[in-house]
Amino acid sequence: MRYFLAIFAFTIVAVVSIAGFRGSKFTHDPYFIFPDMEWQAKPRPQGENSFPGFSDHRDDRPVPVGAVQRGYGWAMGEVFSPDFNYAPTQNPSLYSGRDRNGDFYKGFPVHVTADFVELGHQKFNINCAVCHGITGNGNGAVKKYMSTIRDLTDAYTSAKTEGEIFTTITYGHGKMGPYGDRITPVERWAIVAYVRSLQLAGNATPDNVPPAERAKLGL
């Protein structure tokens, strides 16, 4: 314990000696722990630009003549030509997870097929199973390190609309990070479809099995 306290005290003194007096007056050049953060390579509104093509040497460049603000959201037709084919305007719910009223979308904005669900199966195993488990019951590989992994087959998640699950995948929730930057909208909807199949499988009864198949299963 004595050695630990000595090392700890030495570390504190060293850190304060190096970084604690930044901002004070120096007779020599001050210490910079992260020089690339002190002198960032970026234009500033009142900065001077040495690029030869800028005769006025300003960092803050004038707006080019005829420039049009593109805007945000789905109202792209206001700033683009009428024949511009912007995908989110063709099927907004596919990208937003919400309907025209801004509520979470119920159902799927795409046609669901067996291949579509299989795509969701593949993407689920790649991105989701490590936490939520292969069957979606929350017993993934990291369960022993995290005690609050959602069981996707429970009544709480099953009651959520498809659009809400899509939005959770996109932006994350709680300890779950966002996946919108690594999984395409179509793949996210495919994962939602596969989660629905896991919920059905996790809570199925013999009544859910088609009569023609019950005999094969001995039901």
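**Packing of helices α8 and α9, and two individual residues**

In this predicted model, helix α8, which spans residues 162–171, and helix α9, which spans residues 185–202, have axes that come within 9 Å and cross at roughly 120 degrees. Because the angle takes this value, α8 is classed as oblique to α9, and the crossing in which α8 passes α9 is right-handed. On the α8 side, the contact involves E162, G163, I165, F166, I169 and T170, which meet P185, R188, W189, I191, V192, R196 and Q199 in α9. By character, the residues of this contact divide into seven nonpolar, three polar and three charged.

Among the α8 residues that take part in this contact is T170, which has a relative accessibility of 9% and therefore counts as buried, the cut-off for that class being under 20%. Within its own helix, α8, the side chain of T170 reaches the backbone oxygen of F166 at 2.8 Å. When neighbours within four places in sequence are left aside, T170 is in contact with P178, Y179, G180 and R188, and R188 is itself one of the α9 residues listed in the contact between the two helices.

A further local feature concerns H57, which is found in the loop between α2 (35–38) and α3 (87–90). Most residues other than glycine have a negative phi. The phi of H57, by contrast, is near 60 degrees, a positive value in a residue other than glycine. With a relative accessible area of 38%, H57 is partly exposed, whereas T170 in α8 is buried.

Technical notes. Residues numbered from 1 in each chain as written. Predicted model: local features only at pLDDT ≥ 70, side-chain atom pairs only at ≥ 80, totals over all residues. Heavy atoms only, no water. Axes fitted to C-alpha atoms, helices over the stretch in contact; angles between N-to-C directions. Helix = DSSP H or I, 4+ residues; strand = E, 2+ residues; numbered from the N terminus. Parallel < 35°, antiparallel > 145°, perpendicular 65-115°, else oblique. Left-handed = near helix turned anticlockwise from the far one by under 90°. Contact = heavy atoms within 4.5 Å. Nonpolar A, V, L, I, M, F, W, Y, C, P; charged D, E, K, R; others polar. Buried < 20%, exposed > 50% of the residue type's maximum accessible area, 1.4 Å probe, protein only. Polar contact = N/O pair within 3.5 Å; in protein donor to acceptor, adjacent residues only side chain to side chain.
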